[in-house]
Amino acid sequence: WMAENLKVTHYNNGDEIPTGYSNDDWSNLSTGAYAVYADNESNVDTYGYLYNWYAVETENLTPEGWHVPTDDEIKDLEMYLGMSQSDADGTVWCGTNEGSQLAGNANLLYSGALENNSAFGTSGFIALPASGRLPNGMNLGDLRMSSYFWTSSQNTNDYAWGRIVSLDIDNSGVFRGDYRQRRGYSVR
């Protein structure tokens, strides 16, 4: 697993990944693109870029020798951390403390209390609360509460599997869902 969110601006074949789209343009894309949370480049060093799923499906997004995990590979990770198979297969908030296990870097978290969970950061994954981008360009909530990740698995023509990892003391679970491919999520 990558130790931080992806922050590449070129596919691994050297082609530039497009960026800088207006909200209207982003909402109509069907090709790969990336953005940064709140269009603020100072967020990149810490949180990485937010990629639409069209960039993921090219299979050229990650550095040579790496790949975006499949839905099943994320399920394997979740079950390794203690989630049941039925929870991992579900599409609801599930797990008990997997969000806390996947978390890291308490200084970036909104509540500041998640690190008091005895399982905090034990997986070494260090999920960062990078939020995400909706197809209309709006940010997905507070930058410091959740991680949104793509998998490489498509569900239907317009939707692909992803995860939301809650990094909030009130919910330390994981949500498996199928999301519009025009959303901008982090990649591990």
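How many aromatic pairs does the structure hold? There are 9 aromatic pairs in this predicted model. Let's visit some of them, then look at a cavity.

**Stop 1: two tyrosines.** Select Y49 and Y51. Their ring centres are 6.4 Å apart and their planes meet at 80°, so this pair is edge-to-face. Now check the surroundings: Y49 is buried, with a relative accessible area of 8%, and Y51 is buried as well, at 0%.

**Stop 2: a tilted pair.** Next, select Y148 and Y185. Here the ring centres lie 5.3 Å apart with the planes at 35°, so the pair is tilted. This pair connects distant parts of the chain: Y148 belongs to strand β4, while Y185 is in the segment after β6 (174-180), 37 residues away. Both Y148 and Y185 are buried. Add W150 and Y179 to your selection, and you will see a cluster of four names, Y148, W150, Y179 and Y185, linked by ring pairs.

**Stop 3: charges over rings.** Show R133 with W26: the charged end of R133 sits over the W26 ring, 4.4 Å from its centre. Then show R176 with W161, where R176 lies over the face of the ring at 3.7 Å from the ring centre.

**Stop 4: the cavity.** The structure has 1 cavity of 30 Å³ or more, and the volume of the largest cavity is about 100 Å³. To find it, select I74, F125, F149, R163 and V165, the closest to its centre among the 13 lining residues. Colour α4 (71-80), β4 (146-156) and β5 (159-166), since each gives two or more residues to the lining. The largest share, 3 residues, comes from α4. By class, the lining has 10 nonpolar, 3 charged and no polar residues.

Note on methods:
Residues are numbered from 1 along each chain as its sequence is written. This is a predicted model: local features need pLDDT of at least 70, side-chain atom pairs count only at pLDDT 80 or more; totals for chains, interfaces and linings use all residues. Side-chain values use heavy atoms; hydrogens and water are left out. On a 1 Å grid over the protein atoms alone, a cavity is a set of points where a 1.4 Å probe fits but cannot get out, and a pocket is an open set with protein on both sides within 12 Å along at least five of seven lines; lining residues have an atom within 4 Å of a point. Grid points are joined across faces, edges and corners, and a volume is the space filled by probe spheres set on the points. Helices (H or I, at least four residues) and strands (E, at least two) are DSSP runs, numbered from the N terminus. Ala, Val, Leu, Ile, Met, Phe, Trp, Tyr, Cys and Pro count as nonpolar, Asp, Glu, Lys and Arg as charged, and the others, Gly among them, as polar. Rings of Phe, Tyr and Trp (its six-membered ring) pair if their centres lie within 6.5 Å; planes under 30 degrees apart count as stacked, over 60 as edge-to-face and the rest as tilted. Buried means under 20% relative accessible area, exposed over 50%, partly exposed in between (1.4 Å probe, protein chains only). A charge sits over a ring if NZ of Lys or CZ of Arg is within 6 Å of the ring centre and within 35 degrees of the ring normal.
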